[in-house]
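Here's a quick walk through a model, heading by heading. Have a look at the fold before reading on.

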Amino acid sequence: MIALAWKFIRFDRAKSIGIITAIVISIFLIGQQIGLLLFLMGLMGNLVGNANVKDNQIWVIESQTQNANTLSKIDSRYVQQLQSIEGVNQAYPVFIGYADAKFLDGNTAAVQVIGSDAPNFVIGPNASRIYEGNLESLNEREAVSVEFFNAKSWNTELYLNKEIELNSKRARVKLITKNAQAFGGNYVYTNLFNARYYGNSDPTKVSLIVIELADLNQKQKVISTINSIYPNLRAWDTKALQQSTIKEILISSNMGMSFGTLVVFAMISGFFIIGLTLYSSALDRVKDYGTLKAIGANKSYVNRLLITQALLYALIGFSVAFLLLIGFSQGVKKSGLEINFSFGYILFLLGITLFISIGGSLFAVRKISKLEPASVF
C-alpha cells in the first residue's frame, strides 16, 4: 500500500510539491505563532516564574488585583499579622518599585526594582535564571541585577561591577540574569532595603507577602482563613496567580484572539488548499483509480490508498516545517526569544498536520468512492 501510494505521489510531482509546500507553510506559520504566544505567556507570568517558588508557599496581595504585574501597595503590618496565623511558618515582605536607570554612556531605561530579604530571596531570581554572579551578592548595599538580553535593547554593555544610576542614586551590577525578562518591562532584582531605597518607597508599604507554610497539606485551609479574615487581602496559590496574570493580560490585550485568529486561518487555508489540490490530482488520475477497481480493488482499498498518500504528504511536510521551526528558533534565540519544543507541543503540531492533510484528502476520497470502473473506459 505504501509503495503504491509513493508511486502515485512521484507520478504527479508538480501537484505533490504543491501539496507539501502548502503543508510546510501552514505548519510553519502555526508553529511560529503558537511558539511566540507561549513565549510571551511565559513573560507575562515571569514574576512568579523567576521567583524561588516552593510548593508550601502562598502569595498574599491586595484583594482587587488578579494580575501580578500590577500590584497595589499594602500595609507592611500585615506581615506580622499573617505570620501569627496557625499553620504559617514564616512571612516574607516583598517590595516592587519603579525607577529610571541611567548608564555612564548616557542611555536610559525604565525598570522595575524587585526586592526581598536574604538569604531566601523568595521573589528571585531563581538559580536557573542566574547567568553571572551569585545571589548572595544582592545583599550588599547598592547591589542590583540586570538582564543579559537587555544589553541590546538598552544599547549598552552590561557586566559585573558596572556602575549605573537608579532614580539618580548610585548602584552597581552584582548579578546578571538570563531569560528573566518581563512582559513590557525590565526586572532589576535586589534586596528589600535597596528596592525601597531605589523605588523611593514609603517604608510602611509592601507590594506582596510570601507566606511559607509549616505543612503543605494546610495550604487551602490557610488560604481560606486569610481570605475570610482580611477582606482587603487575597491569598493565592502561586501557580493560580501566574495563570490568572496570563489570563488577564491575554483578555485585556486581545493578544490571544490575534494569535488564535492567525492559527485558525492558517489551518483553514491549508486544509482547503491541500484538499482541492488532492481532489484535482485524483481527477487527473481517475482512470488509474478506475482501473484499480476494475481489476478487483474494492472501495475500501482505494480509499485507504488516497489516505495513505495524504499521510505520506503529512509526514514529509511536517518534517520540513519542523526543521524550519528549529532553524527559526535558533535564529531568534540570541535576541532572548526562546521557543521550547516540548514533546506535547510537537505532538500537537503533528496532530494539526495530520488533520489538515488527511482531512483535506476526504474531498478526493468522496469523489473516487463514487467512481464506477466502467465509466473510465
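Helices here are DSSP runs of H or I with at least four residues, strands are E runs of at least two, and both are numbered from the N terminus.

## The overall picture

Keep in mind that this is a predicted model. The protein chain has twelve helices and twelve strands. Of its 377 residues, 51% are buried. The accessible surface comes to about 18000 Å², and carbon and sulfur atoms account for 57% of that.

Contacts in this chain reach a long way along the sequence. Take those between residues at least 6 apart: 81% of them join residues at least 24 apart.

## Leu-278 and its partners

Leu-278 sits in helix H9, which covers residues 255-284. With a relative accessible area of 6%, Leu-278 is buried, because the cut-off for that is under 20%. What does Leu-278 touch, once residues up to four places away in sequence are set aside? The list runs to Ile-19, Ala-310, Tyr-313, Ser-357, Gly-360, Ser-361 and Ala-364.

There's also a long-range pairing to look at. Leu-278 and Ser-16 are 262 residues apart along the chain, yet their C-alpha atoms are separated by 8.5 Å.

## Helix H7 and its two faces

Helix H7 spans residues 219-229, and its buried residues are Lys-219, Val-222, Ile-223 and Ile-226. Looking down the axis of H7, these buried residues fall within an arc of 100°, so they line one face of the helix. Turned away from that buried side are the exposed residues Gln-220, Lys-221 and Ser-228.

What do the buried residues of H7 pack against? Their partners are helix H4 (78-83) plus four strands: S1 (57-62), S3 (88-103), S11 (208-213) and S12 (233-237).

Further along the chain, Ser-244 belongs to helix H8, residues 238-253. Ser-244 is buried too, at 11% relative accessible area. Beyond its neighbours up to four places away in sequence, Ser-244 touches Gln-66 and Trp-236.

## The largest pocket

The largest pocket holds about 400 Å³ of space. It is lined by 16 residues, and the closest to its centre are Leu-38, Phe-39, Gly-42, Glu-338 and Asn-340. Which helix gives the most to this lining? That would be H2 (residues 13-44), with five residues. By type, the lining splits into eight polar, five nonpolar and three charged residues.

## Strand S5 and the loop before it

Most residues other than glycine have a negative phi, and most peptide bonds are trans. The loop between strand S4 (108-116) and S5 is home to Pro-119, and Pro-125 is in the loop between S4 and S5 as well. A cis peptide bond joins Ala-118 to Pro-119, with omega at about 0°. Another cis bond links Gly-124 and Pro-125, where omega is about 5°.

Gly-133 is in strand S5, residues 130-133. At 39% relative accessibility, Gly-133 counts as partly exposed. Leaving out neighbours within four places in sequence, Gly-133 contacts Leu-160, Lys-174 and Leu-175. Ser-145 is twelve residues from Gly-133 in sequence, and their C-alpha atoms are 9.1 Å apart.

## Positive phi between S7 and S8

Asn-167 is in the loop between strand S7 (163-166) and strand S8 (169-177), and Ser-168 lies in the loop between S7 and S8 too. Phi of Asn-167 is positive, near 50°; for Ser-168, phi is about 65°, again positive in a residue that is not a glycine. Asn-167 is partly exposed at 21% relative accessible area, while Ser-168 is exposed at 67%.

Key
Residues numbered from 1 in each chain as written. Predicted model: local features only at pLDDT ≥ 70, side-chain atom pairs only at ≥ 80, totals over all residues. Heavy atoms only, no water. Buried < 20%, exposed > 50% of the residue type's maximum accessible area, 1.4 Å probe, protein only. Contact = heavy atoms within 4.5 Å. Arc of directions from axis to C-beta. 1 Å grid on protein atoms, 1.4 Å probe; cavity = no way out; pocket = protein on both sides within 12 Å on 5 of 7 lines; lining within 4 Å. Points joined across faces, edges and corners; volume = space filled by probe spheres on them. Nonpolar A, V, L, I, M, F, W, Y, C, P; charged D, E, K, R; others polar. Areas by Shrake-Rupley, 256 points an atom, 1.4 Å probe, with all protein chains shown as cover.
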